[in-house]
Amino acid sequence: MYNEIDLDIIDINSEPPTEEPFRQYYFMAKCRRWVKDFEQKNGRLPKSFVLNMGCQMNARDSEKLIGILINIGYEMAENEGQADFVILNTCTVRDNANQKVYGRLGELNGYKRHHPNMIIALCGCMMQEQAVIEKLQKSYSFINLIFGTHNIFKFPELLNTVYETKSARNQMVIDIWKDTDKIVEELPIERKYPFKSGINIMFGCNNFCSYCIVPYVRGRERSRKPEEIIQEIKGLVEDGVVEVMLLGQNVNSYGKTLDKPVSFAELLREVEKIQGLKRIRFMTSHPKDLSDELIEVMKQSHKICRHLHLPLQSGSTQILTQMNRRYTKEQYVELALRIRKEIPDIAITTDIIVGFPGESREDLEETLDVVRTVKFDNAFTFIYSKRTGTPAAVMENQAPEDQIKEGFDRLLRLVQETARQQISKYQGSIMEALIEEINENDQTMVTGRLSNNTIVHLPGDASLIGKLVQVSLDECKGFYYLGHSVS
């Protein structure tokens with residue numbers, strides 16, 4: 001395993017390797033020298049804080065950054081104020097995500113005035129926007145390191161550059177790639193949960209929905225080889241993982257860029273064969289690419305969780321066309337109902353946008369009709385906001401604010417109603433839950449997640465964490481259950 005490489009035996013006075021990931025282990029060894037120097041001068045190890053501000057893909061990237069930092073020798077701080085090195089792993093899917101980053105940077109500038117040797121780094125999707133880089137260079141000169149989504153694997157090399165140029169005091173290191181076909185995954189990872197893990201199976205997106213910035217900041221689709229994915233999951237299972245989530249912007253199009261194309265359903269069949277793996281999740285599915293083959297694999301599987309996140313975005317075919325979603329209302333409804341028929345115990349969740357340019361009250365009614373018909377188990381609802389750099393940002397006929405608010409409130413009430421109906425039907429049944437943590441509000445309780453992604457709270461202690469437990473679902477509380485163990 002790459003993360004078992006002993007950094008202390010690497011000759012840091014030799015020329016760095018050209019092959020990845022060995023090149024990055026070389027720079028990890030060089031960075032460890034700087035960490036040891038810090039320890040000698042300060043009588044303690046340096047502390048780092050990584051703030052994830054985005055999606056599951058970002059969360060997985062943050063685990064890589066933390067794994068590298070721990071391998072180098074850093075201790076992890078509980079917050080920015082305790083840290084000698086802070087990384088913001090940014091999101092840019094909506095403009096308010098960018099504003100949150102600028103707000104954080106204002107706070108970090110205050111910390112750095114009192115701690116001038118603090119290193120501040122930014123990475124993630126927001127860094128792929130040229131206008132953002134220009135603003136950071138002009139107004140946030142105290143930042144030491146900026147890198148993007150395509151070269152996150154280069155983090156050890158870039159951090160070494162920060163150390164060697166003493167940029168904590170006088171220079172900003174920027175390394176942004178516009179795109180790449182390179183995939184380097186074999187680096188240390190520090191998982192948030194020892195019993196479950198995300199797995200990148202592909203990167204990028206080819207769909208270019210008119211409201212979405214992701215293809216511009218994450219690049220074109222590129223899939224990992226199935227044998228690499230299987231090998232990684234086997235290693236995780238050996239390390240105690242019982243549940244994996246396969247990650248991609250559109251997992252349904254997995255494998256199309258491989259020299260020997262493999263469908264997502266075929267990959268799932270191979271993952272299911274892995275001994276010791278108990279649960280398989282995946283995210284996200286694009287409706288236009290969800291195949292009959294995938295439905296059949298899910299139906300027959302004993303490991304794939306009974307939860308499917310299937311973004312709708314709008315129930316109006318007219319708006320879907322303007323969004324470049326490439327399916328109609330009727331096609332979406334037919335697909336969702338077919339999935340429910342083939343897999344009766346499945347939970348279907350979704351994303352819905354209200355107030356897209358040109359959306360009328362009639363368009364909203366179409367969306368509400370889909371919610372009533374499909375009966376989503378939950379939905380993430382959003383008010384449309386302009387995203388500079390996307391086609392939708394320059395569309396005319398932006399919906400009036402009062403109409404958007406009224407429509408959003410109606411949608412939210414309906415989603416809450418249908419979700420409660422869907423979740424409550426399990427009351428009195430016994431289902432398996434993966435216990436994830438101690439309940440934050442009651443230390444005598446633990447919190448678990450059912451196969452259908454519903455949360456359940458039950459009496460228990462830390463000895464249950466990471467275990468699959470049979471739970472009686474005693475009382476539905478709207479979006480979660482109270483229950484007790486029957487195992």
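## Strand β16 and its neighbours

Let's start with a trio of strands: β16 and strand β17 (residues 455-459) pair in the antiparallel sense, with 5 bridges between them. Two strands count as paired if DSSP finds at least two bridges between them. Strands here are DSSP runs of E with at least two residues, helices are runs of H or I with at least four, and both are numbered from the N terminus. Before going on, note that this is a predicted model, in which local features need pLDDT of at least 70 and side-chain atom pairs count only at pLDDT 80 or more, while totals for chains, interfaces and linings use all residues. Residues are numbered from 1 along each chain as its sequence is written, and side-chain values use heavy atoms, with hydrogens and water left out.

Within the pairing of β16 with β17, V446 stands opposite L458. The hairpin of these two strands has 4 residues between them, and there N453 takes a positive phi near 80°. On the other side of the story is strand β15 (residues 430-438), which runs antiparallel to β16 and is joined to it by 5 bridges. A433 has L450 of β16 as its bridge partner, and a hairpin of 6 residues connects β15 to β16.

## Is β16 covered or open?

How many residues of β16 (residues 445-450) are buried? The count is 6 of 6, so to speak of the strand as mostly covered is fair by the definition of buried: under 20% relative accessible area, with exposed over 50% and partly exposed in between (1.4 Å probe, protein chains only). In a regular strand the side chains alternate between the two faces of the sheet. In β16, M445, T447 and R449 are on one side and V446, G448 and L450 on the other, and all are buried, which leaves both faces covered.

## A closer look at H307

H307 lies in strand β12 (residues 307-309) and counts as buried, at 12% relative accessibility. Leaving aside residues up to four places away in sequence, H307 touches R281, M298, I346, A347, T349, S451, N452 and N453; contact means heavy atoms within 4.5 Å. N453 is also the residue with the positive phi in the hairpin of β16 and β17.

One of these neighbours has a further link to H307: a polar contact of 2.9 Å joins the side chains of H307 and T349. A polar contact is a pair of N or O atoms within 3.5 Å; within protein, one must be able to donate a hydrogen and the other to accept it, and residues adjacent in sequence count only if both atoms are side-chain atoms.

## Salt bridges across the chain

The structure holds 35 salt bridges, each a side-chain nitrogen of Lys or Arg within 4 Å of a carboxyl oxygen of Asp or Glu. One of them joins the side chains of K64 and E185, at 2.7 Å from N to O. K64 is in helix α2 (residues 56-72) and E185 in the loop between β6 (173-175) and β7 (196-200), so this pair ties together parts 121 residues apart in sequence. Both ends are buried: K64 has 9% relative accessibility and E185 has a relative accessible area of 10%. K64 and E185 also belong to a network of salt bridges that links R60, D61, E63, K64, E185, R218, R224 and E232.

In another bridge, D377 meets R340, with the closest N and O atoms 3.0 Å apart. D377 lies in the loop between α13 (361-374) and β14 (378-383) and R340 in helix α12, so the pair ties together parts 37 residues apart in sequence. Both residues are buried.

## Nonpolar cores

A nonpolar core is a set of buried Ala, Val, Leu, Ile, Met, Phe, Trp, Tyr and Cys residues joined through side-chain atoms within 4.5 Å. The largest has 69 residues, and I201, I233, L246, F264 and I339 have the most contacts inside it. A second, separate core of 30 residues includes Y25, I68, F85 and V184.

## Cysteines without partners

How many disulfides does the structure hold? There are 0, a disulfide being a pair of cysteine sulfur atoms within 2.5 Å. For C31, the nearest cysteine sulfur is that of C123, 15 Å away. The sulfur of C476 is too far for a bond, because the closest cysteine sulfur, in C305, is 20 Å from it.
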